[in-house]
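Please open the model in the viewer and keep the sequence panel visible. The tour proceeds from one selection to the next.

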Amino acid sequence: ITPGLTITNSAGYSLAYLRGVGTDAFLPGADSSVPFYIDGVALIGSQGSEDTLGRVKRVEVLKGPQGTLFGRNATGGAINIITPDPTDDFTADLKLEYADYGEKNIIGFVNIPIIDGLAMTLSGFDTKRDNYISNTDGPVIDIYSKGLRGKLRWDITDNVAVTLTASKGETLSLIHISEPTRLLSIS
C-alpha cells in the first residue's frame, strides 16, 4: 500500500527501508535509519524487534528525514504504530496459535471501562518455540518472547484528558537476549 516501503526480518528483528534508505544493523545499540514507534514512543530497548501488538488502530509511514518530529535516528523516515485509546465500551480479543517446532502463541487484548470517563486497555502476548538447531555438546535453549502493554485514559473535562501508557517485554532468541524492558509514557 505504501510505495517504496520494504520490511524484512533478520534474526527476529524487523528491518525497514523507505525509498531505499535503511540499514541492516540490528544489533543492540545500533541506530536504525527507519525506526519504529508505538504511540509516538521509540522502541529503543528492542531496536525495532518484532513485537506482537494485539489491536492496532492505524500505522503511519512517514517518508524522508523525520529528525524534527522523531529525533536524530529517523534519517530515512519513521513508522509510527498507533494502538486504540481506551473507550467506554467493553471489548476483548483472544488469539491462540500452534505451529511446527512446538510453537505456541497467545495474543490478547481487552478494553475495560472503569467508571465514566476512566478506562484502560491491556494487550499481552506470549510466544514460545523450540530451537531450529541441535547441539551435540549440550542443551539448546528454547526461544520465547513475552510482553504486556497498557493504556489508562482519564477524561478530566471535555477538553482535557490524561493518558498513561506503559509496556514491558522480554525476548530470548538464538543471538539476542534482552533484559526485560520497561517503558512509561504520559501524554
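Begin with the largest cavity of this predicted model, which encloses about 70 Å³ of space. A cavity is a set of points on a 1 Å grid over the protein atoms alone where a 1.4 Å probe fits but cannot get out, and lining residues have an atom within 4 Å of a point; the volume is the space filled by probe spheres set on the points, which are joined across faces, edges and corners. The structure holds two cavities of 30 Å³ or more.

Select Leu53, Arg55, Thr83, Pro84, Phe109, Thr121, Leu122, Ser123, Arg149, Gly150 and Lys151 to display the lining of the largest cavity. This lining comprises four nonpolar, four polar and three charged residues, with Gly counted as polar and Pro as nonpolar. Strand 10 (118-129) and strand 11 (143-155) each contribute at least two lining residues; strands are DSSP runs of E, at least two residues long, numbered from the N terminus.

Next, select Ala16, Leu18, Val34, Phe36, Ile38, Leu43, Leu53, Ile79 and Ile81, the nine residues of the largest nonpolar core. Such a core joins buried residues (under 20% relative accessible area, 1.4 Å probe, protein chains only) through side-chain atoms within 4.5 Å. Strand 2 (13-18), strand 4 (36-38) and strand 7 (77-82) each supply at least two of them.

Finally, colour by pLDDT, the predictor's confidence from 0 to 100. The protein's mean is 77; among its elements, strand 9 (residues 103-115) has the highest mean, 92, and strand 13 (residues 181-186) the lowest, 50.

Residues are numbered from 1 along each chain as its sequence is written. In this predicted model, local features need pLDDT of at least 70 and side-chain atom pairs count only at pLDDT 80 or more, while totals for chains, interfaces and linings use all residues; side-chain values use heavy atoms, leaving out hydrogens and water.

Note on methods. 1 Å grid on protein atoms, 1.4 Å probe; cavity = no way out; pocket = protein on both sides within 12 Å on 5 of 7 lines; lining within 4 Å. Helix = DSSP H or I, 4+ residues; strand = E, 2+ residues; numbered from the N terminus. Buried < 20%, exposed > 50% of the residue type's maximum accessible area, 1.4 Å probe, protein only.
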